[in-house]
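Biologist: Please take a close look at one part of this model, the site around the ligand. I would like one connected account of what surrounds the ligand and what touches it.

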Amino acid sequence: MKPNWINGAWVPAGSARDNINPSDTRDVIGAYAEAGRAETEAAITAAAAAFEGWSHSPVEQRHDILRRIGDDILARKSEIAEMLAREEGKILREALGETERAGRIFHFFAGEALRLSGEMLPSVRPGVGIEVTREPVGPVGLITPWNFPIAIPAWKIAPALCYGNTVVFKPAELVPGTAWLLSEIIAGAGLPAGVFNLVMGPGRVVGQAMLDAPELRAISFTGSQATGRIVAEASLRHARRFQAEMGGKNPLVVLDDADLDLATDAALDGAFFSTGQRCTASSRLIVTDGIHGRFVEMLTEKTRALKVGPALDPDSQIGPVVDQTQLDQDLAYIEGARRDGANLRAGGEVVRCDTPGFFLAPTLFTDTDPAMRINREEVFGPVATVLRARDYDHALSLANDTDFGLTAGICTGSLKHAQHFKRHAKAGMVMVNLPTAGVDYHVPFGGTKGSSMGPREQGRYAAEFFTTVKTAYTWA
Ligand code: NAD
């Protein structure tokens, strides 16, 4: 059994969970500890006890440790990426990209540790000086989803440690292997005991114990809207800060003057790569009349040509869906869209491969209506719809007709429309002539409306969440 890391020691649990490969369900990757409430509380107590020391640690020590973690991730990237692809199902190339990104996130925050700064101002009262400084928040709980098993943990753990917080990290049940390798690296990087803790286990046990603990002064959560609400309500009860990054129903607008090759490539990538299991996936393709026919024809052809297969097979372009529950959910949405009258142009069915896995053909619907369920709810699979728009204004209103607001994209040759879209799309991130998915690691990440609660993640904006501001007045 792979144990949890609590208070500077590897701690086995009373029970374990088998980690199953979604590309081949006969492949049991390993057994991973399933913590209960007692282990989780031990981790929280350890993080609370370690806080005072770590919050005043020298910035060079923080820099060196974060730098070492980033170096080790990059040195072990093949091993980590193989684990990631094997347990989550994204193809190896994507898993490698995600792992490299995690290494670079630690490097970025290593640098940020040396750039901590504040402000000095004169007071309105003569003789008085003012200092405005940032301090860590306290012991923090980090709860992550399965679809980015190393990038999302990295973009929460690295800033939390950089700014002097201590950490209780709870990864998603389906991807303990990558989280464990990351934690092994962090455990060997020289942090004092209790500063970083890994607790694997079910959300309703480990996650709930974290939400119930008044010692955790902040919770950073990424996952579904339903769990995000639970996190928000529990955090309000404890007067604790929280951030929740949740789902998306991201539009990609394609105007008549778009480059057709570029637009269909952006749609293909945004909708189907990483098996469509990205919060930033382009699930609604909004296409204006003049280009609609050619766009649908070309995208259908490209979609049908995608090769679905095992994540570690170098020929595969699309890996499996993460598990049976997600596959059932995807198929239910596909069935619902058919019943609602959407026109199925590609996919829609399970794909048989040499190994038993959860393979689903990339699925494209056209002639859809904005009111259809498939256009309102997040599927979180390789499923996209085309909506027809009369002109730019109509396309923009369709793009904004959603409860979500994570990313929005536009493909156009018109600077005027691109500029207007950047200002009027109701989303936290806007892409011009790019897929809606695929973001940099040194700039803010997050959404509006039902997609996000709380301050942005990543880049220097991470300080907004992981620090609190102190204003000190001195008369001397
Ligand atoms: P999920 O909400 O089911 O689980 C996320 C995490 O919360 C897991 O670690 C889970 O164990 C934990 N959890 C579950 N119940 C809990 C509870 N009662 N208390 C505390 N913790 C609990 O989400 P998922 O299925 O793992 O991930 C898919 C979702 O994540 C999608 O909606 C996707 O859009 C979203 N997502 C959002 C972003 C973003 O940054 N906006 C990024 C990736 C994924």
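Modeller: What follows covers the ligand site, from the pocket to the individual contacts. Bear in mind that this is a predicted model.

Start with the space itself. The ligand takes up the largest pocket. Around the ligand stand 28 residues. Both domains contribute to this shell: domain 1 (4–246 + 442–475) and domain 2 (250–432) each provide at least three residues.

Next, the secondary structure. Three elements supply at least two shell residues each: helix H7 (203–212), strand S10 (218–222) and helix H8 (225–237). H7 gives the most, with 4 residues.

Now the chemistry of the shell. Its residues split into 14 nonpolar, 10 polar and 4 charged. Those that come nearest to the ligand are Glu173, Ser224, Thr227, Met246 and Glu378.

Two of these names return among the polar contacts. Glu378 uses its side chain: an N or O atom there is 2.6 Å from an oxygen atom of the ligand. Met246 uses its backbone instead, with an N or O atom 2.7 Å from a ligand nitrogen atom. Gly203 also makes a backbone contact. One of its backbone N or O atoms lies 3.4 Å from an oxygen atom of the ligand.

Finally, the burial. The ligand on its own exposes 850 Å². The protein buries 88% of that area.

To sum up, the ligand fills the largest pocket, and its shell draws on both domain 1 and domain 2.

Terms used
Residues are numbered from 1 along each chain as its sequence is written. This is a predicted model: local features need pLDDT of at least 70, side-chain atom pairs count only at pLDDT 80 or more; totals for chains, interfaces and linings use all residues. Side-chain values use heavy atoms; hydrogens and water are left out. A residue is near a molecule or strand if one of its heavy atoms lies within 4 Å of it. A polar contact is a pair of N or O atoms within 3.5 Å; within protein, one must be able to donate a hydrogen and the other to accept it, and residues adjacent in sequence count only if both atoms are side-chain atoms. Accessible areas come from the Shrake-Rupley method with a 1.4 Å probe; for residues, only the protein chains shown count as cover. On a 1 Å grid over the protein atoms alone, a cavity is a set of points where a 1.4 Å probe fits but cannot get out, and a pocket is an open set with protein on both sides within 12 Å along at least five of seven lines; lining residues have an atom within 4 Å of a point. A molecule sits in a cavity or pocket if more than half of its atoms lie within 2 Å of its grid points. Ala, Val, Leu, Ile, Met, Phe, Trp, Tyr, Cys and Pro count as nonpolar, Asp, Glu, Lys and Arg as charged, and the others, Gly among them, as polar. Domain bounds come from an automatic or database domain assignment.
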